[in-house]
Amino acid sequence: MRDDPSTTPLTEGLSDAELAAVLARTVGQRLRDLRRALQGSPPEEVRTRGDAEAQTLLAGGLAAARPSDAVLSEEAPDDGARIGARRVWIIDPLDGTREFSEDRSDWAVHVALWADADLVTGAVALPGLDVVLTSATSPVVPDRDPAAPLRMAVSRTRPPSIATAVAAAMDAELVAMGSAGFKVAAVVRGEVDFYVHGGGQYEWDSAAPVAVARAAGLHTSRLDGSPLRYNQPDPHLPDLVVCRPELAPHLMSVIAQAGAHR
Ligand SMILES: Nc1ncnc2c1ncn2[C@@H]1O[C@H](COP(=O)(O)O)[C@@H](OP(=O)(O)O)[C@H]1O
Ligand SMILES: [Mg+2]
């Protein structure tokens, strides 16, 4: 297989951060090739093949490069080996599967490493934009035009009521897009100012994006302001706030009020 990280020395000698970025990029490229090859196939087949092939490639790459580490993936059973492990890769091989099947650009590949107590590195590939964001390079968030309206990223297929309420209270324009990684990356890239989610997600949906967002100096938390914790026994992590740091005090108080009135 071309550029297969499980069968070539592509990943030999890499740091954890470099490994995360190389794997995210390689899996993203493979998914792009697969999407092209599946033109005209039923969406269900595109979704199934995308998830499965991304999982095989990414899990294979990690097993080859870091055989002693545990893995928590959206696309593999959680056998519990990660609980008590010192190092756990938290991966979403294809985040935004629906958008991938629709041949849109808003999907992502997530690779994060949790060690001891917290996330230590993360990479998010955005193959539709030919971009890989990594916590290792501390991305610089562009300045925003203070005269421009606030913009808020929200799920395009299941916008939670808390998000629409918060957008209204912040007088923010809603920008609908798929994939949690793509939405967090939109904040990092200065395309939007914040992302609010509630109602359901899992650790793999946010781990790598949050590692990148933290490295970029953004605010990241639960809706109630508490810290996002990873490698928990139950990987359900249903809500998320990512925003420019200067917006955080006002946004968090708006979220608290919106939550209290629901
Ligand atoms: N209410 C919910 N319950 C479970 N997962 C959710 C969810 N809302 C969003 N997600 C997950 O978060 C990711 C981004 O969703 P959205 O584009 O709607 O914001 C998707 O991941 P996957 O594409 O990896 O399944 C989706 O499954
Ligand atoms: Mg996901």
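In what order do the five strands of the open sheet lie, and is their pairing mixed? In this predicted model, the order is β1-β2-β3-β4-β5, and the pairing is indeed mixed. The points below describe this sheet, the helices that accompany it and the nonpolar core.

**The sheet**
- Strands β1 (70-73) and β5 (131-134) form the edges, each pairing on one side only.
- On average, neighbouring strands of the sheet are turned by 15 degrees against each other, direction ignored.
- Strands of a sheet pair through backbone hydrogen bonds, in either a parallel or an antiparallel manner.
- The antiparallel sense applies to β3 (residues 108-115) and β4 (residues 118-126), which pair over seven bridges.
- Valine 109 has alanine 125, in β4, as its bridge partner.

**Helices on the sheet**
- Helix α2 (residues 43-65) lies across β1, β2 (87-95) and β3, and runs at about 155 degrees to β2.
- Helix α6 (residues 203-215) also packs on the sheet, where it touches β1, β2, β3, β4 and β5.
- The direction of helix α6 makes about 95 degrees with that of β4.

**The nonpolar core**
- The largest nonpolar core comprises 76 residues, of which Ala24, Val111 and Val187 touch the most other members.
- This core lies between domain 1 (9-136) and domain 2 (151-260), because both domains give residues to it.
- Leaving aside residues up to four places away in sequence, valine 111 touches Ala20, Leu23, Ala24, Leu58, Trp89, Ile91, Gly122, Ala123 and Ala208.

Technical notes
Residues numbered from 1 in each chain as written. Chains lettered and ligands numbered in written order. Predicted model: local features only at pLDDT ≥ 70, side-chain atom pairs only at ≥ 80, totals over all residues. Core = buried A, V, L, I, M, F, W, Y, C linked by C-beta atoms within 7 Å. Buried ≥ 20, exposed ≤ 12 C-beta atoms within 10 Å, placed from the backbone. Domains from an automatic or database assignment. Contact = placed C-beta atoms within 7 Å. Pairing = 2+ DSSP bridges. Helix = DSSP H or I, 4+ residues; strand = E, 2+ residues; numbered from the N terminus. Axes fitted to C-alpha atoms, helices over the stretch in contact; angles between N-to-C directions.
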